[in-house]
Amino acid sequence: MKDIEIGMELLAVSSNHKPVYSPVISMLDVDDDQLANYTIIKTSGNHKLTLTPNHLVHASKTNDISSSVPIFASQVKKGDKMFIAKSPDVIEAVEVVSTSSKVIKGAYAPLTREGTVVVDDVVASCYAVVNDHQFAHAMFGPLRYLYDTFHTSLHSKQKQGIAWYPSMLQSLGQVFLDDSNYKPMKVEDLIKSSD
């Protein structure tokens with residue numbers, strides 16, 4: 001994900017649960033150096049998704065993606081179903097076989113127009129911190145509008161750190177959302193680098 005650029009098309013999943021290629025309209029976070037705790041979700045079929053604990057993933061108790069509910073990665077349990085894009089035409093359910101945590105260096109969070117992204121074949125939301133994918137997608141509507149209208153992002157090259165728009169939304173979330181719906185990265189999730 002390190003080489004992703006604004007305008008590049010990535011495999012995503014549309015609101016009607018179909019695989020589509022969707023342009024990257026912004027990078028929500030780019031940080032080559034920050035160490036943080038990550039959740040690693042392994043599924044049957046040898047698929048693995050590595051993301052922050054407060055990142056949303058599509059999970060379900062059934063094999064039907066339309067019944068999936070985006071939840072925080074830290075809430076995914078063994079036996080849950082996640083979804084993989086086997087090809088640009090097929091989405092298939094796979095069972096979670098294990099979850100674990102690991103300290104990893106670097107963070108890259110692209111925002112596609114669809115608000116979803118397929119990473120190592122696994123379907124994930126582009127959003128984190130707020131446990132409601134539809135709400136988060138609505139809050140990023142202004143960025144989609146600007147991208148669609150001007151065919152460009154508000155910045156052509158993402159600098160290190162969280163972009164200004166998600167940072168502003170996080171500040172608003174601290175004011176208006178309760179702790180059960182809002183999970184910002186905690187200080188203890190960030191690890192100080194010794195180099």
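A residue counts as buried when its relative accessible area is under 20%. In this predicted model, 46% of the 195 residues of the chain are buried by that measure. The accessible surface of the chain amounts to about 10500 Å². Carbon and sulfur atoms hold 52% of that surface.

The chain contains three helices and eleven strands. Read from the N terminus, the order of the elements is β-β-β-β-β-β-β-β-β-α-α-β-α-β. Contacts within the chain often join residues that are distant in sequence. Among contacts with a separation of 6 or more, 60% link residues 24 or more positions apart.

Strand β2 spans residues 19-43 and includes Ile41. Ile41 has a relative accessibility of 1%, so it counts as buried. Leaving aside neighbours within four places in sequence, the contacts of Ile41 include His47, Lys48, Leu49 and Leu51. Ala73, Val76 and Met82 are also in contact with Ile41. Val96, Ser98 and Thr99 complete the list for Ile41. The pair Ile41 and Ser98 shows how sequence and space can part ways. These two residues are 57 residues apart in sequence, yet their C-alpha atoms lie 6.1 Å apart.

Thr43 is another residue of strand β2. With 5% relative accessibility, Thr43 falls under the 20% limit and is therefore buried. Apart from residues up to four places away in sequence, Thr43 touches Val94, Glu95, Val96 and Val97. Val96 thus appears in the contacts of Ile41 and in those of Thr43.

The loop between β8 (116-119) and β9 (122-128) contains Asp120. Asp120 is not a glycine, but its phi is positive, at about 50°. Its relative accessibility is 57%, so Asp120 counts as exposed, the cut-off being over 50%. Asp121 sits in the loop between β8 and β9 as well. Asp121 also has a positive phi, of about 75°, without being a glycine. The relative accessible area of Asp121 is 38%, and Asp121 is therefore partly exposed.

Helix α2 covers residues 141-150. Which residues of α2 are buried? They are Gly141, Leu143, Arg144 and Tyr147. Viewed down the axis of α2, these buried residues fall within an arc of 160°, so they line one face of the helix. A general rule of helix geometry applies here. An α-helix has 3.6 residues a turn, so residues three or four places apart point the same way. The face of α2 turned away from the buried side carries exposed residues, Tyr145 and Phe150.

The surface was also examined for pockets. Rolling a probe the size of a water molecule over the atoms shows where empty space is left. The second largest pocket has a volume of about 310 Å³. It is lined by 18 residues. Which of them are closest to the centre of the pocket? They are Ser15, His58, Thr116, His133 and Gln134. Two elements, β5 (69-72) and α1 (133-139), give two or more residues to the lining. Helix α1 provides the largest share, with three residues. By class, the lining of this second largest pocket has ten polar, five nonpolar and three charged residues.

Conventions. Residues are numbered from 1 along each chain as its sequence is written. This is a predicted model: local features need pLDDT of at least 70, side-chain atom pairs count only at pLDDT 80 or more; totals for chains, interfaces and linings use all residues. Side-chain values use heavy atoms; hydrogens and water are left out. Helices (H or I, at least four residues) and strands (E, at least two) are DSSP runs, numbered from the N terminus. Buried means under 20% relative accessible area, exposed over 50%, partly exposed in between (1.4 Å probe, protein chains only). Contact means heavy atoms within 4.5 Å. Accessible areas come from the Shrake-Rupley method with a 1.4 Å probe; for residues, only the protein chains shown count as cover. The arc is that of the directions from the helix axis to the C-beta atoms. On a 1 Å grid over the protein atoms alone, a cavity is a set of points where a 1.4 Å probe fits but cannot get out, and a pocket is an open set with protein on both sides within 12 Å along at least five of seven lines; lining residues have an atom within 4 Å of a point. Grid points are joined across faces, edges and corners, and a volume is the space filled by probe spheres set on the points. Ala, Val, Leu, Ile, Met, Phe, Trp, Tyr, Cys and Pro count as nonpolar, Asp, Glu, Lys and Arg as charged, and the others, Gly among them, as polar.
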